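Visitor: Please choose one part of this model and look at it closely. I would like to know what lies on either side of it and what it belongs to.

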Amino acid sequence: MVRSILLGSLAAAALSAPPAHAAEACDGVAGAGKVKLTVTAEGVRSAAGEVAFTLYGDDQRRFLAKGGKAGRVRTASVAPRTSACFWVTPGHYAVAIYHDENGDRTFNRTLTTPKEGFGFSNDAPTTLGLPSFAKVRFAVPAGDMTMRIRMRYAR
């Protein structure tokens, strides 16, 4: 009985896909009119868990809203930097990232303090709450682009 439970657990683990490696972690499909937006989280403090990269389109009402994302990549954390990419059309976007160190796919925080690392496009400041959409909004040109975001940890 114990053996069959153990074998079942191992089979389930083998079938579940591990987080993608940073070099493979892209959202979207290359094609006509698409450019590659590469986002690199700088200052990742450990290889524990994964880093979630969330892309938002040019709509401030959808920024950080449930169901508001244009794309998301979750990839294995690599210290000190982890990267992901998105195939997008040129235009304006915003990016939010967090280091899901415990792998629970939730941005853990106390009432006022993040427990996991985070960052926003343009390294927008978060002194008193979340940054405004205007501070995180950036333009993706007609050619491929790389953006670096500094990971911030409260502790």
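Guide: Of the contacts in the protein chain with a separation of 6 or more, 73% are between residues 24 or more positions apart. The model is a predicted one, and its chain holds 2 helices and 9 strands. Along the sequence, these elements come in the pattern α-β-β-β-β-β-β-β-α-β-β. Of the 155 residues, 36% count as buried.

The part to look at is strand S2, residues 35-42. Buried here means under 20% relative accessible area. In S2, 7 of the 8 residues are buried, so the rest of the structure largely encloses this strand.

Consider the partners of S2. Strands of a sheet pair through backbone hydrogen bonds, and the pairing is either parallel or antiparallel. S2 shows both kinds. With S5 it pairs in the antiparallel sense, over 8 bridges. With S9 it pairs in the parallel sense, over 6 bridges. Thr40 is a useful residue for finding both partners on the screen: it stands opposite Ser83 in S5, and it also stands opposite Arg148 in S9.

These strands belong to an open sheet of 4 strands in the order S1-S5-S2-S9, with mixed pairing. The edges of this sheet are strand S1 (26-27) and S9, each of which pairs on one side only. S1 and S5 run parallel and are joined by 2 bridges. At that end of the sheet, Asp27 stands opposite Phe86 in S5.

Next, the side chains. In soluble globular proteins, nonpolar side chains tend to be buried together. In this model, the largest nonpolar core has 22 residues, and those touching the most other members are Leu37, Phe53, Val88, Phe138 and Val140. At least two residues of this core come from each of S2, S3, strand S5 (81-88), S6, strand S8 (138-140) and strand S9 (145-150). S2 gives the most, with 4 residues. Another core lies apart from this one; it has 11 residues, including Ala52, Tyr56, Phe118 and Phe120.

Val88 is a good residue to follow within the larger picture. Leaving aside neighbours within four places in sequence, its contacts are Gly33, Lys34, Val35, Leu37, Leu55, Tyr93 and Val140. Leu37 and Val140 are thus found both in this list and among the core residues named above.

The loop between S4 and S5 holds Ser77. How buried is Ser77? Its relative accessibility is 5%, and the cut-off for buried is under 20%, so Ser77 counts as buried. Leaving aside its neighbours within four places in sequence, Ser77 is in contact with Val44, Ser46, Ala47, Ala48, Gly49, Glu50, Val51, Thr82 and His99.

Finally, the empty space. Rolling a probe the size of a water molecule over the atoms shows where such space is left. The largest pocket has a volume of about 730 Å³. Its lining has 27 residues, and Leu64, Phe107, Arg109, Phe120 and Leu130 lie nearest its centre. One of these, Phe120, also belongs to the core of 11 residues. Strands S3 (50-56), S4 (69-76), S6 (91-100) and S7 (118-120) each supply at least two lining residues. By type, the lining divides into 12 nonpolar, 9 polar and 6 charged residues.

Definitions and conventions: Residues numbered from 1 in each chain as written. Predicted model: local features only at pLDDT ≥ 70, side-chain atom pairs only at ≥ 80, totals over all residues. Heavy atoms only, no water. 1 Å grid on protein atoms, 1.4 Å probe; cavity = no way out; pocket = protein on both sides within 12 Å on 5 of 7 lines; lining within 4 Å. Points joined across faces, edges and corners; volume = space filled by probe spheres on them. Nonpolar A, V, L, I, M, F, W, Y, C, P; charged D, E, K, R; others polar. Core = buried A, V, L, I, M, F, W, Y, C linked by side-chain atoms within 4.5 Å. Buried < 20%, exposed > 50% of the residue type's maximum accessible area, 1.4 Å probe, protein only. Contact = heavy atoms within 4.5 Å. Pairing = 2+ DSSP bridges.
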